[in-house]
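Reader: I am new to this structure and would like to be taken through it with care. Could we look at it together, one question at a time?

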Amino acid sequence: MKLEKGEITNSQLTILIVSFLQGMILTVNFTYALTRQGSWIAAATGFVISIPIACLHTFIAKRFPGQNLIQINDAVFGRYLGKIFSACYIWFFFQLVIHYMYFFNSFWITYIMPETPRVAFLFMLAFVCAMAVRKGLEVIARCSLFFAVMVAAMVVFVTALLTGEMNPSNLLPMADFSAGTFIQSVHIAVSIFFCDIVVFLMIFPYTTDKLKITKPVLTGMGLSALQLVVVALRDAAVLGLRLPIVTLVSFAVSRLINIANILTRLDILIAITLLITFFIKITVFYYVTVLSIAQVLKLRSYLPLVVPIGALCIAIASNLYESDMAQVYAGAYVWPFNAVVYEVLLPLVTFVVIGVRKLPKKEGAPAK
Amino acid sequence: MIVLLSAGFVILVLMEGPGLIREKSWRELVAYSVLMSVAFAVSLLHILHIEIPNPVRDTQYLVQGLLRLSYR
C-alpha cells in the first residue's frame, strides 16, 4: 500500500532540494573556526565531492523506480537484514530532526528571547512542522517554492547592503590552514551541508518522472552551493580574521548594516531566514521519519505517528547539548564521522549488493 | 508540571485514539500507543530531572571512544 498519495513534479523536487539545502547558509559556521577565510573553498570542494555521492543516491532510486528507501532495503538485503538497514536510516533521520530542532531553539533563546523557557519554541516549531507533515509531501513542496525564493532574496539583499562593510583584503590570507584542517572542513561540508539529501531516497518515488531525478538533484545542489559560496565570501569579506571568534556569523554581520541610520537592526532578516530554512529542513526529516516507521511497520497511514514522534522530539531536543559550544564541537568533530556512515557507507553497500546480485531481477527470471 | 504534562498527553490521546478504534486500525493503534508511551516516559523523566540516554553523548562515545575517529 502506498503511504503517500501525493505526487510532486520534478521541478518541484528541484525547488524542494534548494529550500532543504539552504539551511547550510547558517550551519556554515561549523567550518569558519577551521578554514576561516578559506571556508568558501572548502564549501565549493565539498559540493564537487558531493556530486558523485548524490549520483549514487539517484542511481539506487532509479534502479527501483516507485520504491522508497525502506522497500529498496527489503529488496536488496532481504526481509531481516533490510529491516536492520532501515532501522539505521530511521535512527539517522530522527537524530537529524532533534539536532536541527536544538539548533533552532538555541538560536531563538540565545539571540532573540533569552528569558523564554527552553521548550516554548520547540512546542511551536513541532506544532507547525507536524501540521505540514500531516498535510503531506505536496504541501511541503508547495511551501518550499515560496521559501526558497524568499531566502535567496534575503541573501542577495543582505549581501548588497553589506557591500560598504566589505574589504577585499579581509579575504586574505585565503589558505592559512593545514591540509588536515582543510580535509576536516570539506568533510563537514560534504556530510552536513550536502549529503543529507540521502533523505530524498524516501521522496523520489513520489515524483512524476522517477527516472529523471539526477538533474533536479544536481541543479538543486548547485543553486544552494552558489548561495553558500556567496554567503561564505560575504562573511569573510566583512569580518576577516574575526570570523572564527563569532558564534553565528551571518547574524553578527547583518547587525553591522547601517544605511543612513534608517536601515539598521536587519539581523531579524537572518532570524527569519533561519526560521524558514530550518522549518523546511525539520519538516522533511520529520516527514521522512514517520513515513519510514509507518513503512517498516506496514501501517496503512503514517498520520497516527506524527504526534508521538513530535512529542518525543520535543522531549529529547530540549536538553540535547550542555551548551551551544558543545553543539559547535559536535558539528566539527563528531557528527561528520557519524553522518558519513548513513550518507555514504550504507548507500555504497547497497550499490555493491545491487551490482553483485544484479538487482532488480527481471520479471519471469528464475529465482536463485 | 506533572499534572500539566499528563493532561496534555491525555488530550492528545483523546484526539487520535478514538478515531483509530472506530476505523479498527489495530496495528496503527499499537504503534501509536507504544510511541506515545515512550514519549510520555521520556517527557516525565525530563521534568523530574532524571537523566535519560542522550544520543549526542552515545554518538560521541561511539565515534571518539570506541572507533577512535578524530581529527585531533
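Author: Before we begin, buried means under 20% relative accessible area, exposed over 50%, and partly exposed in between (1.4 Å probe, protein chains only). This is a predicted model, in which local features need pLDDT of at least 70 and side-chain atom pairs count only at pLDDT 80 or more, while totals for chains, interfaces and linings use all residues. Residues are numbered from 1 along each chain as its sequence is written, chains are lettered from A and ligands numbered from 1 in the order in which they are written, and side-chain values use heavy atoms, with hydrogens and water left out.

Reader: Is Ala260(A) buried or exposed?

Author: Ala260(A) is found in the loop between helix H11 (249-254) and helix H12 (267-296) of chain A, where helices (H or I, at least four residues) and strands (E, at least two) are DSSP runs, numbered from the N terminus. Its relative accessibility is 60%, and therefore Ala260(A) counts as exposed.

Reader: What is the phi of Arg265(A) near?

Author: Most residues other than glycine have a negative phi, and most peptide bonds are trans. Arg265(A) is in the loop between H11 and H12 of chain A, and it is exposed, because its relative accessible area is 57%. Ala260(A) has a positive phi near 50 degrees. For Arg265(A), which is not a glycine either, phi is also positive, and its value is near 50 degrees.

Reader: Which residue does a cis peptide bond join to Leu172(A)?

Author: The residue in question is found in the loop between helix H8 (137-161) and helix H9 (179-194) of chain A. The bond has an omega of about -5 degrees, and the residue that it joins to Leu172(A) is Pro173(A).

Reader: What is omega near in the cis peptide bond from Leu359(A) to Pro360(A)?

Author: Pro360(A) belongs to the segment after helix H15 (335-357) of chain A. The peptide bond that leads to Pro360(A) from Leu359(A) is cis, and its omega is near -5 degrees.

Reader: How many helices does chain A have, and what is its radius of gyration?

Author: Chain A has zero strands and 15 helices. Its C-alpha atoms fill a box of roughly 75 × 45 × 35 Å, taken along the principal axes, and buried residues make up 58% of its 368 residues. The radius of gyration is taken over C-alpha atoms, and the globule rule is 2.2 Å times the number of residues to the power 0.38. With 368 residues a compact globule would come near 21 Å, which agrees with the value for chain A, 21 Å.

Reader: How many of the 15 residues of H13(A) are buried?

Author: The expected span of a helix is 1.5 Å times one less than its number of residues, so helix H13 (residues 303-317) of chain A should span 21 Å, and this agrees with its end C-alpha atoms, which are 22 Å apart. Ala317(A) is in this helix, and it is buried, because its relative accessible area is 0%. Helix H13(A) is largely enclosed by the rest of the structure, because the number of its residues that are buried is 13.

Reader: How far apart are the C-alpha atoms of Gly222(A) and Ile51(A)?

Author: Gly222(A) has its place in helix H10 (residues 214-239) of chain A, and at 24% relative accessibility it counts as partly exposed. Along the chain, Gly222(A) and Ile51(A) are 171 residues apart, while their C-alpha atoms are separated by 9.3 Å.

Reader: Why is chain B more spread out than a compact globule?

Author: Chain B comes to three helices and zero strands, and read along the sequence it follows the pattern α-α-α. The globule rule gives 11 Å for its 72 residues, and chain B is more spread out than a compact globule because its radius of gyration is well over that, at 18 Å.

Reader: In which helix of chain B is confidence lowest?

Author: Confidence is given as pLDDT, the predictor's confidence in each residue, from 0 to 100. The mean pLDDT of chain B is 90, and 100% of its residues reach 70 or more. Confidence is highest in helix H2 (residues 26-47) of chain B, at 93, and lowest, at a mean of 88, in helix H3 (residues 55-66) of chain B.
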